[in-house]
Amino acid sequence: MNHPPRETPEREEVVERLRDRAKFVRLETVRLTRIAGAGHYTATFSAAELFAALYYAELRYRPEEPDWPDRDRFVLSKGHAAIGLYPILADVGFFDGALLDNYTRLGSAFGDHPDMRKVPGADFSSGSLGHGLSISVGMGLGARVQDRSFRVYCMMGDGELSEGQVWEAAMAAGQFQLGSLIGIVDRNHLSIDGNTESIMGVEPLAARFQSFGWKVHEVDGHDLDAILDVFNALDPPDVGAPQMVIADTVKGRGVQRMEGDYQWHVGNLVGEDYDDVIAEIESGLRPLVAGGADG
């Protein structure tokens, strides 16, 4: 999809919309976490701008027809960030947002990880990390067999790249020349146990994917203009190199007490802390605290 060029009123309008929707993702993540009693704040906050850009600018879909055969597919391999995806799916019309008021409660369709059998708009039941890229390769091959032109977008966390299945899928995508496959790595440099490079290093990440035959784009994952530029730069979904977007992000972005702190991977805000974080998110992104984030 072609997006308006930079420094035009049309682009400014799109970016302002996306900025507002990224804020919405963060606010809803905090609200839904309180309902559940615990939630994945930081891994969702790092992906907020990416979620917004995908669903409000890039992806082709029809909320009134969730199974539309020609829709673009989005595979959230880092399924623990579904708490930020559900509000978007409701907001764009896949289901009534009031259903989220019972998030994770007995009988709710909305669990900590998405279930494609229960959640309209969810293309994959993710949770066990490392599977998403393999699923996406299969979807891309399915598009080719059916002679359809949809793209498949797969968002992975950088922590899950230590799963060997990811690299088998990367090799297959290059071999089969799946130009319709767009990988996105939320490169926030942290996993639940700490810095990715001290646990299982993935650098040089761009070179690794390139060695498997991928075309790589690197971008600031919180810069909406830059994200739209990368989407504009994607090759057509034809036979050709699969494309990887490595998005440099900050885990917990938008809440200074969480930024760059792996101990907030799962948490729950209560009392004044909840109110303070809501107010901070409402005020918009602030400059990063020096030394507060890894990478």
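**Notebook: burial, contacts and backbone**

Entry on Gln210. I began with Gln210, which counts as partly exposed at a relative accessibility of 45%. I note here that the model I am reading is a predicted one. Gln210 sits in helix 8, a helix that covers residues 205-211. I then looked up the separation of Gln210 from Pro242, and found 9.8 Å from C-alpha to C-alpha for two residues that are 32 positions apart in the sequence.

Entry on the whole chain. How many helices and strands does the protein have? I counted 10 helices and 7 strands in its secondary structure. The radius of gyration is 18 Å, close to the 19 Å that the globule rule gives for 295 residues, so the protein is as compact as a globular protein of that length. Along the principal axes, the C-alpha atoms fill a box of roughly 55 × 45 × 45 Å. I also looked up the share of buried residues, which comes to 54% of the 295 residues.

Entry on helix 3. I went through helix 3, residues 48-58, and found that 11 of its 11 residues are buried, so the helix is largely enclosed by the rest of the structure. Among these buried residues I wrote down Leu50, Phe51, Leu54, Tyr55 and Tyr56, and also the acidic Glu49 and Glu58.

Entry on Pro204 and its peptide bond. I checked the bond between Glu203 and Pro204 and found it to be cis, with omega at about 0°. Pro204 belongs to the loop that runs between helix 7 (196-200) and helix 8 (205-211). I keep this on the list because most peptide bonds are trans.

Entry on positive phi. Most residues other than glycine have a negative phi, and I therefore wrote down the exceptions I looked up. Gln177, which is not a glycine, has a positive phi near 55°, and it lies in the loop between helix 6 (164-175) and strand 3 (181-187). With a relative accessibility of 32%, Gln177 counts as partly exposed. His189 has a positive phi of about 75°, and it too is not a glycine; I found it in the loop between strand 3 and strand 4 (190-191). Is His189 buried or exposed? At 13% relative accessibility it counts as buried, since the cut-off for that class is under 20%.

Entry on Gly179. Gly179 is placed in the loop between helix 6 and strand 3, the loop that also holds Gln177. Its relative accessibility is 2%, and Gly179 therefore counts as buried. I looked up Ser283 as a partner for a distance check: the two residues are 104 positions apart in sequence, and their C-alpha atoms are 40 Å apart in space.

Entry on salt bridges. My search over the whole structure gave 21 salt bridges, and I followed up a few of them. Arg31 and Asp101 meet through their side chains at 3.0 Å, N to O. This pair links distant parts of the chain, with Arg31 in helix 1 (residues 9-36) and Asp101 in the loop between helix 4 (82-91) and helix 5 (132-145), 70 residues apart. Arg31 is partly exposed at 25% relative accessible area, and Asp101 is partly exposed as well, at 42%.

Arg62 forms a salt bridge with Glu65, and the closest N and O atoms are 3.3 Å apart. I read relative accessibilities of 33% for Arg62 and 32% for Glu65. Where the side chains of Arg253 and Glu259 meet, the N to O distance is 2.8 Å, and I found both of these residues to be buried. I closed this entry with a network of salt bridges that links Arg6, Arg11, Asp225 and Asp229.

Entry on surface charge. Which residues form a negative surface patch? I found Glu218, Asp220, Asp223 and Asp248. Asp248 belongs to strand 7, residues 243-248, and has a relative accessible area of 38%, so I recorded it as partly exposed. That value fits the patch search, because its members need over 30% relative accessible area.

Key
Residues are numbered from 1 along each chain as its sequence is written. This is a predicted model: local features need pLDDT of at least 70, side-chain atom pairs count only at pLDDT 80 or more; totals for chains, interfaces and linings use all residues. Side-chain values use heavy atoms; hydrogens and water are left out. Patches are made of residues with over 30% relative accessible area and no salt bridge: like charges are joined within 9 Å, nonpolar side chains (Val, Leu, Ile, Met, Phe, Trp, Tyr) within 5 Å. Accessible areas come from the Shrake-Rupley method with a 1.4 Å probe; for residues, only the protein chains shown count as cover. A salt bridge is a side-chain nitrogen of Lys or Arg within 4 Å of a carboxyl oxygen of Asp or Glu. The place of a charge is taken as NZ of Lys, CZ of Arg, CG of Asp or CD of Glu. Helices (H or I, at least four residues) and strands (E, at least two) are DSSP runs, numbered from the N terminus. Buried means under 20% relative accessible area, exposed over 50%, partly exposed in between (1.4 Å probe, protein chains only). The radius of gyration is taken over C-alpha atoms; the globule rule is 2.2 Å times the number of residues to the power 0.38.
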